[in-house]
Amino acid sequence: MAIQPIELDTDYSGVAQFSGLRLSVDEFLELPDDGCKYELLDGVVFMSPRPTPAHQKTAMGILLQLGNYLQQNPVGEAFFEVDVHLGAKDGGGELVYVPDILFIRAERVKAMRDLITGAPDLVVEVVSRGSRRMDTITKRDDYEHFGVGEYWIVDPARELITFLRLVDGKLVEVTPTGDTFTSTAVPGFTLNVAAVRETFKPW
């Protein structure tokens with residue numbers, strides 16, 4: 001059966017018109033663009049904070065490192081702010097998150113041209129104003145539940161980078177070696193942590 005489109009009230013563009021709605025994944029993915037960033041948590045739409053320039057600077061610095069590596073070593077694909085349908089927890093609604101950066105290995109990503117489904121191999125979230133609890137608790141728990149291989153939480157305001165790796169079904173913190181962090185989620189990739197920290201500085 002065709003999904004009834006949700007109409008956008010053009011007089012309120014930029015206002016979170018859909019926050020709080022209970023929707024299916026298909027309905028959520030058909031929402032019109034009203035200028036807000038939405039995610040789906042347990043089947044309920046909520047608005048995520050819009051990224052600041054400082055947030056984007058840090059995210060872009062990480063994405064450039066990862067993208068440059070993947071150009072020379074095509075072991076998978078990296079994406080920036082795309083919908084990820086993780087699935088549904090037992091007894092809960094569907095989850096669709098929009099990570100700042102994600103990576104999926106080549107052998108898995110070939111079947112995901114229209115929608116990223118299941119757990120990415122790597123998720124990076126850059127903490128925004130108002131998102132710290134969501135990124136460090138709620139999303140950490142959900143990414144662990146669905147089996148994300150590595151989860152990096154980057155907090156420019158506190159100048160912190162937390163690297164978590166899935167070990168026996170649990171995301172555990174891994175300490176980087178000096179100014180670098182060698183990923184197991186992205187085969188052969190080593191992040192220049194010092195360069196990421198440079199993006200925390202004002203310009």
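**Reading a predicted fold: pocket, sheet and buried residues**

User: Which elements each supply at least two residues of the lining of the largest pocket?

Analyst: α1 (25–29) and β1 (37–41) do. Keep in mind that this is a predicted model.

User: What makes a residue part of that lining?

Analyst: A lining residue needs an atom within 4 Å of a pocket point. For the largest pocket, 14 residues line the space. Cys36, Lys37, Tyr38, Asp83 and Val98 lie nearest its centre.

User: How much space lies in the largest pocket?

Analyst: About 320 Å³. As for how such space is found, rolling a probe the size of a water molecule over the atoms shows where empty space is left.

User: How many residues of each class are in the lining?

Analyst: Eight are nonpolar and six are charged. None is polar. Tyr and Cys count as nonpolar here, so Tyr38 and Cys36, both in the lining, go into the nonpolar class.

User: Why is Ile101 called buried?

Analyst: The cut-off for buried is under 20% relative accessible area. Ile101 has 0%, so it is buried.

User: Where is Ile101 found, and what does it touch?

Analyst: Ile101 is found in strand β6 (residues 101–105). Its contacts include Ala59, Ile62, Leu63 and Leu66. Phe79, Phe80, Leu122, Val123 and Val124 are also among them. That list leaves out residues up to four places away in sequence. Cys36, from the pocket lining, is 18 Å from Ile101, C-alpha to C-alpha. In sequence these two are 65 residues apart.

User: Why is Glu144 called buried?

Analyst: Use the cut-off again. Glu144 has a relative accessible area of 18%. That is under 20%, so Glu144 counts as buried. It sits in helix α4. Beyond its sequence neighbours up to four places away, it touches Leu166, Gly169, Lys170 and Leu171.

User: What is the strand order of the open sheet?

Analyst: The six strands run β3-β6-β8-β9-β10-β11, and the pairing is mixed. β3 (76–80) and β11 (170–173) stand at the edges, because each has a single partner strand. One side of each is therefore left without a neighbour in the sheet. The twist averages 20° from one strand to the next.

User: How do you know that β8 and β9 pair?

Analyst: Pairing takes at least two bridges. Strand β8 (residues 122–126) and strand β9 (residues 150–155) have five, so they pair. Their sense is parallel. One bridge links Val123 to Tyr151 in β9.

User: Which helices lie on this sheet?

Analyst: Helix α4 (residues 132–146) packs on the sheet, touching β8, β9, β10 (160–167) and β11. Its direction makes about 180° with that of β9. Helix α2 (residues 53–72) lies across β3, β6, β8 and β9. It runs at about 165° to β3.

User: Why is strand β4 described as largely enclosed?

Analyst: Four of its five residues (84–88) are buried, so the rest of the structure largely encloses the strand.

User: What makes β5 and β7 partners of β4?

Analyst: Apply the two-bridge minimum. Four bridges join β4 to strand β5 (residues 94–97), antiparallel. Two bridges join β4 to strand β7 (residues 116–117), parallel. Both counts reach the minimum, so both pairs qualify. In β5, Glu94 is the bridge partner of Ala88. In β7, Thr117 is the bridge partner of His85. The β4 and β5 hairpin has five residues between its strands, and Gly91 takes a positive phi near 80°.

Key. Residues are numbered from 1 along each chain as its sequence is written. This is a predicted model: local features need pLDDT of at least 70, side-chain atom pairs count only at pLDDT 80 or more; totals for chains, interfaces and linings use all residues. Side-chain values use heavy atoms; hydrogens and water are left out. Buried means under 20% relative accessible area, exposed over 50%, partly exposed in between (1.4 Å probe, protein chains only). Contact means heavy atoms within 4.5 Å. Axes are lines fitted to C-alpha atoms, for helices over the stretch in contact, and angles run from 0 to 180 degrees between N-to-C directions. On a 1 Å grid over the protein atoms alone, a cavity is a set of points where a 1.4 Å probe fits but cannot get out, and a pocket is an open set with protein on both sides within 12 Å along at least five of seven lines; lining residues have an atom within 4 Å of a point. Grid points are joined across faces, edges and corners, and a volume is the space filled by probe spheres set on the points.
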